[in-house]
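The following exercises ask the reader to work through a fold step by step, with a solution after each task. Please look over the sequence and the coordinates before starting.

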Amino acid sequence: MTKKNLHHIQLVFLVSRGRSGSTMLQNILDAHPNICAPLESKFVLHLKSKYKNISHWNNKTINQFITDLYTNRKIRLFWNIDKKNLYDLFSQYKIESFADACKIIYLSFPSVHTKNNVTVIIDKNPAHSRFIYELYTVFPNAKFIHLVRDPRATTNSLNTYHIFLKTNF
């Protein structure tokens, strides 16, 4: 069986400050059948120092990578990735770099929307706005979208959010 290549999948980082509408944009983009936009996680930054320079990805490396991935709390608790499906995905693709391994993790996210031939992966995380250079060193071909919201609207959103919390909890 010939393994599929991941080079055709474009990675886009959506960076912003909190309360800027990035979650809504992420959800809208994830509804597209060719776009994968999983929940926030810092797994790339979490695993970068250990795996960035590995160029030979064998079964032992992949097993350790998956074990280390599951030490990330958000992945473990919120992504609901089935380990068997994850191993199956790794067996289908040619892994040549840490960036390729990360793309497999993104593709393993169980979206509520049906996906067909994913060509774009969106990684939305406000914390990534502080780590653009680090992300760029892993994904030199990545695109970055910087989402900016009018500060007055952000302030109003925060005030509304705090009033909601006070009255409902």
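A disulfide is taken here as a pair of cysteine sulfur atoms within 2.5 Å. The model is predicted, so that local features need pLDDT of at least 70 and side-chain atom pairs count only at pLDDT 80 or more, while totals for chains, interfaces and linings use all residues. Residues are numbered from 1 along each chain as its sequence is written, and side-chain values use heavy atoms, with hydrogens and water left out.

**Exercise 1. Determine how many disulfides the rule gives, and examine Cys-36 and Cys-102.**

Step 1. Applying the cut-off gives a count of 0 disulfides. Cys-36 is in no disulfide, the nearest cysteine sulfur being that of Cys-102.

Step 2. The sulfur of Cys-102 lies 13 Å from that of Cys-36, its closest cysteine sulfur, which is too far for a bond.

Step 3. Accessibility is then assigned by class: buried means under 20% relative accessible area, exposed over 50%, and partly exposed in between, with a 1.4 Å probe and protein chains only. Cys-36, at 4%, is buried, and Cys-102, at 0%, is buried as well.

**Exercise 2. Establish the strand order of the open sheet and the place of E1 in it.**

Step 1. Strands (E, at least two residues) and helices (H or I, at least four) are DSSP runs numbered from the N terminus, and two strands pair if DSSP finds at least two bridges between them.

Step 2. Strand E1 (residues 10-16) is joined to E3 (residues 120-124) by 5 bridges in the parallel sense, with Leu-14 partnered by Lys-124. E1 also pairs with E4 (residues 143-147), again parallel and over 5 bridges, and here Val-15 has His-146 as its bridge partner.

Step 3. E2 and E3 run parallel and are joined by 2 bridges, Cys-36 standing opposite Ile-121.

Step 4. The 4 strands therefore form an open sheet in the order E2-E3-E1-E4, with parallel pairing. E2 (35-36) and E4 stand at the edges with a single partner strand each, so one side of each has no neighbour in the sheet.

Step 5. Of the 7 residues of E1, 6 are buried, so this strand is largely enclosed by the rest of the structure.

**Exercise 3. Describe how H6 is placed against the sheet and against H2.**

Step 1. Axes are lines fitted to C-alpha atoms, for helices over the stretch in contact, and angles run from 0 to 180 degrees between N-to-C directions. Contact means heavy atoms within 4.5 Å.

Step 2. Helix H6 (residues 98-108) lies across E1, E2 and E3, and runs at about 85 degrees to E3.

Step 3. Helix H2 (residues 43-51) packs with H6 at an angle of about 150 degrees, the axes being 11 Å apart. H2 is thus roughly antiparallel to H6, a class for angles over 145 degrees, where under 35 is roughly parallel, 65 to 115 roughly perpendicular and the rest oblique.

Step 4. The contact involves Phe-43, Val-44, Leu-47, Lys-48 and Tyr-51 of H2, and Phe-98, Cys-102, Ile-105 and Tyr-106 of H6.

**Exercise 4. Locate Leu-135 and His-128, and find whether each is buried or exposed.**

Step 1. Leu-135 lies in helix H7 (residues 132-138), whereas His-128 is found in the loop between E3 and H7.

Step 2. Leu-135 is buried, at 0% relative accessible area, and His-128 is buried, also at 0%.

Step 3. Not counting residues up to four places away in sequence, Leu-135 touches Phe-13, Val-44, Leu-45, His-128 and Phe-144. With that exclusion, the contacts of His-128 include Phe-13, Val-15, Asp-123 and Leu-135.
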